[in-house]
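Biologist: Could you take me on a close look at one buried spot in this model, and then walk outward from there to the rest of the structure? I would like one connected account that I can follow with the structure open beside me.

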Amino acid sequence: MTREVRTALVTGAAGGLGALAAQRLAAAAWDVVAVDLDAAGLARTAARSPNLHTRVCDVTDPAAVERVAAEAGPVQRVVHAAAISPLGAALEQPLADVERVLRVDYLGTVHVARATMPGMLDRGRGELILFSSLAAWVPGYLTAAYASAKAAVNAFAEALYQETAGRGVTIRCVCPRQVDTPMYRRIAAEHPAATGGMQGMPPGLVLDAVDRSLARPAADLFVFPDRLTRTTVTAKRLLPAATRRVIGLRTAPPDGRADRSP
Amino acid sequence: MGSTADKHVIQGEHVTLPVRIRDAAVASAMFAVPAAPARAVIAYAGLEVAEPLPGRAICSLAFVRYADGDLGPYHEFAVAFLVRRPGAPPTRRMKGVGAFIHWLPVNQEFTLEAGRTIWGFPKELADIPMDLSGRVKRCAVRIGGRTVIELAVRPGLPLPSGTGAPKIDAYSCMDGVTRRTGWTMAPSGVRMRPGGATLRLGDHPVAAELRGLGLDRARALSSTAVRHLTMEFDAAEEVGP
């Protein structure tokens, strides 16, 4: 075979979006370094896939992320899907949970970008795909910590784009609405009201949107993977107060101030 | 059943049958081709092409991305012909018709060995770049850096879920042994249209066979794209002469 083997680093690869992203890249004959805290989940993702290598690593540990990136060698694509989203009221969620969300979702993103971007910028090519959320644009009930962390990811992506534009590395910040992953199903079962009874969109459609976005101009930083996500973001920009009210009504607890029958 | 065990060791891993595919995506095109040369192409298997129209056989080209399944993640391209159940009389009816897999390149070693060992599928190693994310689905098969075939499938109209073939027989022939494999499919997100396929053939022997069937000039009967597919493959059984 004369093909050029490309390497991808995928975080959050034990399940959900990260696992599917790793498997699709492995199917396309990429060399994939799949990263997660969950060793058993990683093993499931990598089953019978000799070109999918697993590394147990906590993205909140900058030295560990640095080591994994160094071992991976020159990467062409980084898919950073590792994230957590425990829900809790803005004034009541335990501070330790708030801090943990910021460490995993925001600082994890900073660590992954710092470990991989310099090499891609040196080589003048690469793709950094960060997973944010629609919640960063339209926070609802119980999403204060999660939406804040993802809004920080959005701002980080935008600043990073400003500082590195034109140097050959494509950055994408993907902001899907609810995605049908094991994590989302668990949260939706626990908090049916706060998730608005929404059925998650299939993870494959989110990844299709990411693939298509890579053909668009570099400045097209944010990816909104389906029509409902795009419509919601547009509505928030054009009609912020009305959109906020609709999201409030859709995500309020049944006994909350914005009363809504269950 | 008899001859084939339902457990196999492939590259040190135990593979249990039925083999389950939890997430795959497919694009395919069906062509009506002259029956006589099609019959000649598959004569080595001792099977008869189905002729839904007099003198016409059906050749199907498909490309598949296996993301999550018992054989690992890989890409595959398939050249198949619709065939009559062995011993069944010639009929226009499509009931009992199976798919004879004539050529099945894949891009990963595990599935290569599993496919050849467990079912006698004619798998060989190739580069199979594929784009299933856009409206037009594209795939190429390259061997030794040379292009064998390129296929593009344009978007069709959505079909209600639950349509499509739930269970068919897949036939294969390796080293003179013809086998039948029960193959169950559950598709969702299916889009279909008449025509809709663009094909380019290279200089591989299989490309020459397809050119001999007129595929380089043919308009597809139909093109189909399946966003999400789960499948099961049973053990293979030998088909008597």
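Modeller: Let's begin with A:V59, which in this predicted model has a relative accessible area of 6% and therefore counts as buried, since the cut-off is under 20%. You will find A:V59 in the loop between β3 (52-56) and α3 (62-72) of chain A. Leaving aside neighbours within four places in sequence, A:V59 touches A:T11, A:V65, A:H80, A:A82, A:V104, A:G108, A:H111 and A:V112. If you want a distance to check on your screen, try A:A13: this residue is 46 residues from A:V59 along the chain, and their C-alpha atoms are separated by 12 Å.

From there, turn to helix α1 of chain A, residues 16-27. The helix has 12 residues, and at 1.5 Å a residue it should span 16 Å; its end C-alpha atoms are 17 Å apart, so the two values agree. How many of the residues of α1(A) are buried? The count is 11 of 12, so this helix is mostly covered. Among the buried ones are A:L17, A:L20 and A:L25, together with A:Q23 and A:R24. Just after the helix, A:A29 takes a positive phi of about 70 degrees.

Two other residues of chain A also have positive phi values, and both sit in loops. One is A:R48, with phi near 60 degrees although the residue is not glycine; its loop runs between α2 (39-45) and β3 of chain A. The other is A:L142, with phi near 70 degrees, again in a residue other than glycine, in the loop between β5 (126-131) and α5 (144-164) of chain A. Are these two buried or partly exposed? A:R48 has a relative accessible area of 17% and so is buried, whereas A:L142, at 25%, counts as partly exposed.

Helix α5 of chain A also holds A:N154. With a relative accessible area of 7%, A:N154 is buried. Its side chain makes a polar contact of 2.6 Å with the side chain of A:S132. Beyond its neighbours within four places in sequence, A:N154 is in contact with residues including A:A136, A:W137, A:C173, A:C175 and A:F222.

Now back to A:R48, because this residue leads us across to the other chain: it forms a salt bridge with B:E13, the closest N and O atoms being 3.2 Å apart. That pair is the 1 salt bridge found across the interface of chain B and chain A. The interface also has 6 residue pairs in polar contact. On the chain B side, β2 (13-16), β4 (56-69) and β5 (74-83) each supply at least two of the residues that touch chain A. β4(B) gives the most, with 4 residues. Sorted by class, this side of chain B has 10 nonpolar, 8 polar and 7 charged residues.

As for the extent of the contact, 25 residues come from chain B and 20 residues from chain A. The two chains bury about 1,800 Å² between them, with 51% of that on carbon and sulfur atoms. In chain B, B:P73, B:D127 and B:S133 lose the most area to chain A, together 29% of what that side buries.

While you are in chain B, have a look at the loop between β2 and β3 (19-34), where B:P18 lies. The peptide bond from B:L17 to B:P18 is cis, with omega near 0 degrees.

Let's finish with salt bridges, of which a search of the whole structure finds 23 over all chains. In chain A, A:D220 pairs with A:R216, with the closest N and O atoms 3.1 Å apart. A:D220 has a relative accessible area of 31% and is partly exposed; A:R216, at 36%, is partly exposed too. In chain B, the side chains of B:E150 and B:R200 meet in a salt bridge at 3.1 Å, N to O. This pair links distant parts of the chain, with B:E150 in strand β9 (residues 146-153) and B:R200 in strand β13 (residues 197-201), 50 residues apart. B:E150 is partly exposed at 26%, and B:R200 is partly exposed at 46%. B:D216 and B:R217 form a further salt bridge at 3.6 Å, N to O; B:D216 is partly exposed at 35%, while B:R217, at 67%, counts as exposed. Back in chain A, salt bridges that share partners join A:R77, A:E127 and A:D211 into one network.

Technical notes:
Residues are numbered from 1 along each chain as its sequence is written. Chains are lettered from A and ligands numbered from 1 in the order in which they are written. This is a predicted model: local features need pLDDT of at least 70, side-chain atom pairs count only at pLDDT 80 or more; totals for chains, interfaces and linings use all residues. Side-chain values use heavy atoms; hydrogens and water are left out. Contact means heavy atoms within 4.5 Å. Buried area is the accessible area (1.4 Å probe) that two parts lose on being put together, summed over both. A salt bridge is a side-chain nitrogen of Lys or Arg within 4 Å of a carboxyl oxygen of Asp or Glu. A polar contact is a pair of N or O atoms within 3.5 Å; within protein, one must be able to donate a hydrogen and the other to accept it, and residues adjacent in sequence count only if both atoms are side-chain atoms. Ala, Val, Leu, Ile, Met, Phe, Trp, Tyr, Cys and Pro count as nonpolar, Asp, Glu, Lys and Arg as charged, and the others, Gly among them, as polar. The expected span of a helix is 1.5 Å times one less than its number of residues. Buried means under 20% relative accessible area, exposed over 50%, partly exposed in between (1.4 Å probe, protein chains only).
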